[in-house]
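User: Could you walk me through this structure with some questions and answers? I am new to reading models.

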Amino acid sequence: LLTGSSLYSRDSELQGRSVMLALTSQLVATAALIELDGIARRIVLCPPDLPQEHFSYIIDTAEVDDVISDQKVVHSAAVRRLCFYPCSRNRMPLEDTRPRHLATEWILLTSGTTGRPKLVVHTLASLTAAIQPIANPDAKVVWSTFYDVRRYGGTQILLRAALSGASMDFYDTNESVSAFYTRASAEGVTQ
């Protein structure tokens, strides 16, 4: 089961739109990403440490219609709506039967170490093409990573876990490394 589902009832509003996710929680961003794939025309994944000074450029370049955020966002006039996405305790079934008609573009950002980040367009097919099935599908696999799922490396691990039916344990940037290792051990992280 996925936590959070504020978008679940808003599919018709977001159908075919270009949506930027500027969410502070990896778990909430993942839930929103899963909810929007096949619904939105384009999803722009913003890492949590992206300076807001880049938002207008990203919004304009990616032709963003809606910004979904759990924080105050400085945005350009081109954005039609700013939706706040509170993390709720609602649950969404893992088996999602909603119709998904679009091959959603996933836009991931480069690190931007040389200035403004570059926008790299992917599809779910291009992101998952190199992922091989797990050797022992009966093994209990639990993935985790220090890579944020809103960055390319973290997205790859998230998709690898999702495609194999494995669990994913998210690193919380507010927890110490030793606390994460203790929790990961207790959660049975294997990858």
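Analyst: Here is a short tour of the inside, the surface and the aromatic rings. This is a predicted model, where local features need pLDDT of at least 70, side-chain atom pairs count only at pLDDT 80 or more, and totals for chains, interfaces and linings use all residues. Residues are numbered from 1 along each chain as its sequence is written, and side-chain values use heavy atoms, with hydrogens and water left out.

User: Which element gives the most residues to the largest nonpolar core?

Analyst: A nonpolar core is a set of buried Ala, Val, Leu, Ile, Met, Phe, Trp, Tyr and Cys residues joined through side-chain atoms within 4.5 Å; buried means under 20% relative accessible area, exposed over 50%, and partly exposed in between (1.4 Å probe, protein chains only). The largest such core has 26 residues, and Leu33 and Leu36 are among those with the most contacts inside it. Elements here are DSSP runs numbered from the N terminus: helices (H or I, at least four residues) and strands (E, at least two). Among those that supply at least two residues each are β2 (18-22), β3 (42-45) and α2 (26-36), and the one that gives the most, with 5 residues, is α2.

User: Which residues does Leu33 touch, not counting those up to four places away in sequence?

Analyst: Contact means heavy atoms within 4.5 Å. Leu33 is one of the residues with the most contacts inside the largest core. Leaving out residues up to four places away in sequence, Leu33 touches Leu21, Ile43, Leu45, Trp106 and Leu158.

User: Is Phe146 buried, partly exposed or exposed?

Analyst: Phe146 lies in the loop between β9 (142-145) and α5. Its relative accessible area is 41%, so Phe146 counts as partly exposed.

User: What is the angle between the planes of Phe146 and Tyr181?

Analyst: Rings of Phe, Tyr and Trp (its six-membered ring) pair if their centres lie within 6.5 Å, with planes under 30 degrees apart counted as stacked, over 60 as edge-to-face and the rest as tilted. By this rule there are 5 aromatic pairs. Phe146 and Tyr181 form an edge-to-face pair, 5.8 Å centre to centre, and the angle between their planes is 90°.

User: How many residues apart are Phe146 and Tyr181?

Analyst: This pair links distant parts of the chain. Phe146 is in the loop between β9 and α5, while Tyr181 is in helix α6 (residues 177-187), and their separation is 35 residues.

User: How far apart in space are Lys140 and Gly165, C-alpha to C-alpha?

Analyst: Lys140 sits in the loop between α4 (124-128) and β9. Lys140 and Gly165 are 25 residues apart in sequence, and their C-alpha to C-alpha distance is 9.4 Å.
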